[in-house]
Amino acid sequence: MQQYITHVQSLKATFKEDLVWSYLKQILSALKYLHKLDIVHRDLKCANILLSPDKRSVLVADLNVSKIAKNKLLYTQTGTPYYASPEVWRDKPYDSSSDIWSLGCLIYEMCALKPPFLGSNMEQLYNAIQKLVSLTQRFIS
């Protein structure tokens with residue numbers, strides 16, 4: 001997927017909406033299966049989504065850092081910072097919803113052709129994510 005995003009960027013094009021929806025459904029189906037087994041992927045990102053040669057089908061790959069959530073919560077910090085959920089950033093317990101956050105980042109990147117949060121260092125990236133969380137919490141309250 002990461003290579004395909006780079007290719008689409010080079011063409012100054014965008015992903016077709018129906019393709020984004022198709023990818024979303026397929027990735028959600030894979031996550032549903034994993035989460036039903038209490039497995040949290042923990043490193044969902046564009047580089048870990050494999051595309052079929054015709055670019056219509058996807059596979060969720062690289063389960064090297066995945067973990068079984070025996071007590072429903074995980075505590076170890078892992079994954080790729082651009083896709084890490086706020087709980088992971090804050091070194092708090094997290095669950096399978098962390099994968100859903102990462103999926104949101106992945107879908108955003110497919111639509112905007114850039115990650116949703118940018119920073120020239122880890123602190124700036126952390127602050128960008130926390131700013132969104134803060135705004136969302138104010139909106140919900």
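**View 1. Lys55 over the ring of Tyr4.** In this predicted model, Lys55 holds its charged end over the Tyr4 ring, 5.5 Å from the ring centre. Tyr4 has aromatic company as well: together with Phe15 and Tyr23 it makes up one aromatic cluster. Keep an eye on Phe15 and Tyr23, since both turn up again in the view of the core, where they are listed among the contacts of Met1.

**View 2. The tilted pair, Trp89 and Tyr126.** Searching the whole structure for aromatic pairs turns up four. In this one, the ring centres of Trp89 and Tyr126 are 5.7 Å apart and the planes meet at 50 degrees, so the pair counts as tilted. The two rings come from distant parts of the chain: Trp89 belongs to helix α3 (residues 86-89) and Tyr126 to helix α5 (residues 122-140), with their positions 37 residues apart in the numbering. Trp89 is buried, at 15% relative accessible area, while Tyr126 is partly exposed at 28%.

**View 3. The stacked pair, Trp101 and Phe117.** Here the planes are just 5 degrees apart and the ring centres 5.9 Å apart, so Trp101 and Phe117 are stacked. Trp101 sits in helix α4 (residues 97-112) and Phe117 in the loop between α4 and α5, so the pair ties together parts 16 residues apart in sequence. Which partner is buried, and which is partly exposed? Phe117 is the buried one, at 8% relative accessibility; Trp101, at 23%, is partly exposed.

**View 4. Helix α4 and what it packs against.** This helix has 16 residues and spans 23 Å from its first C-alpha to its last, close to the expected 22 Å. Its buried residues are Ser98, Asp99, Ser102, Leu103, Cys105, Leu106, Ile107, Glu109 and Met110. So what do these buried residues pack against? Their partners are α1 (2-10), α2 (17-36), β1 (39-40), β2 (49-51) and α3. As for the spacing, an α-helix has 3.6 residues a turn, so residues three or four places apart point the same way. Just past the end of α4, Leu113 adopts a positive phi of about 60 degrees.

**View 5. A closer look at Ser102.** Ser102 is part of helix α4. With a relative accessibility of 6%, Ser102 counts as buried because the cut-off is under 20%. Setting aside neighbours within four places in sequence, Ser102 makes contact with Leu44 and Tyr83.

**View 6. His35 at helix α2.** His35 is found in helix α2 and is buried, with 18% relative accessible area. Once neighbours within four places in sequence are left out, its contacts are Val40, Ser96, Asp99 and Ile100. Asp99 is also one of the buried residues of α4.

**View 7. The largest nonpolar core.** Nonpolar side chains in soluble globular proteins tend to be buried together. The largest nonpolar core in this model has 32 residues, and Met1, Phe15, Ile27 and Met110 touch the most other members. Which elements supply at least two residues each? They are α1, α2, β3 (58-60), α3, α4 and α5. Helix α2 gives the largest share, with seven residues. Zoom in on Met1 and, apart from neighbours within four places in sequence, you'll find it in contact with Phe15, Tyr23, Cys46, Ile49, Leu51, Val58 and Met110.

**View 8. The salt bridge between Asp43 and Lys45.** How many salt bridges does the structure hold? There is one, and it joins the side chains of Asp43 and Lys45 at 3.7 Å, N to O. Both ends are buried: Asp43 has a relative accessible area of 11%, and Lys45 comes in at 18%.

**View 9. Positive phi at Arg42 and Asp91.** Neither residue is glycine, yet phi is positive in each: near 70 degrees for Arg42 and near 60 degrees for Asp91. Arg42 is in the loop between β1 and β2, whereas Asp91 is in the loop between α3 and α4. Which of the two is buried, and which is exposed? Arg42 is buried at 14% relative accessibility, and Asp91 is exposed at 51%.

Technical notes
Residues numbered from 1 in each chain as written. Predicted model: local features only at pLDDT ≥ 70, side-chain atom pairs only at ≥ 80, totals over all residues. Heavy atoms only, no water. Phe/Tyr/Trp six-rings, centres within 6.5 Å; stacked < 30°, edge-to-face > 60°. Helix = DSSP H or I, 4+ residues; strand = E, 2+ residues; numbered from the N terminus. Buried < 20%, exposed > 50% of the residue type's maximum accessible area, 1.4 Å probe, protein only. Lys NZ or Arg CZ within 6 Å of the ring centre and 35° of its normal. Contact = heavy atoms within 4.5 Å. Expected span 1.5 Å × (residues − 1). Salt bridge = Lys/Arg side-chain N within 4 Å of Asp/Glu carboxyl O. Core = buried A, V, L, I, M, F, W, Y, C linked by side-chain atoms within 4.5 Å.
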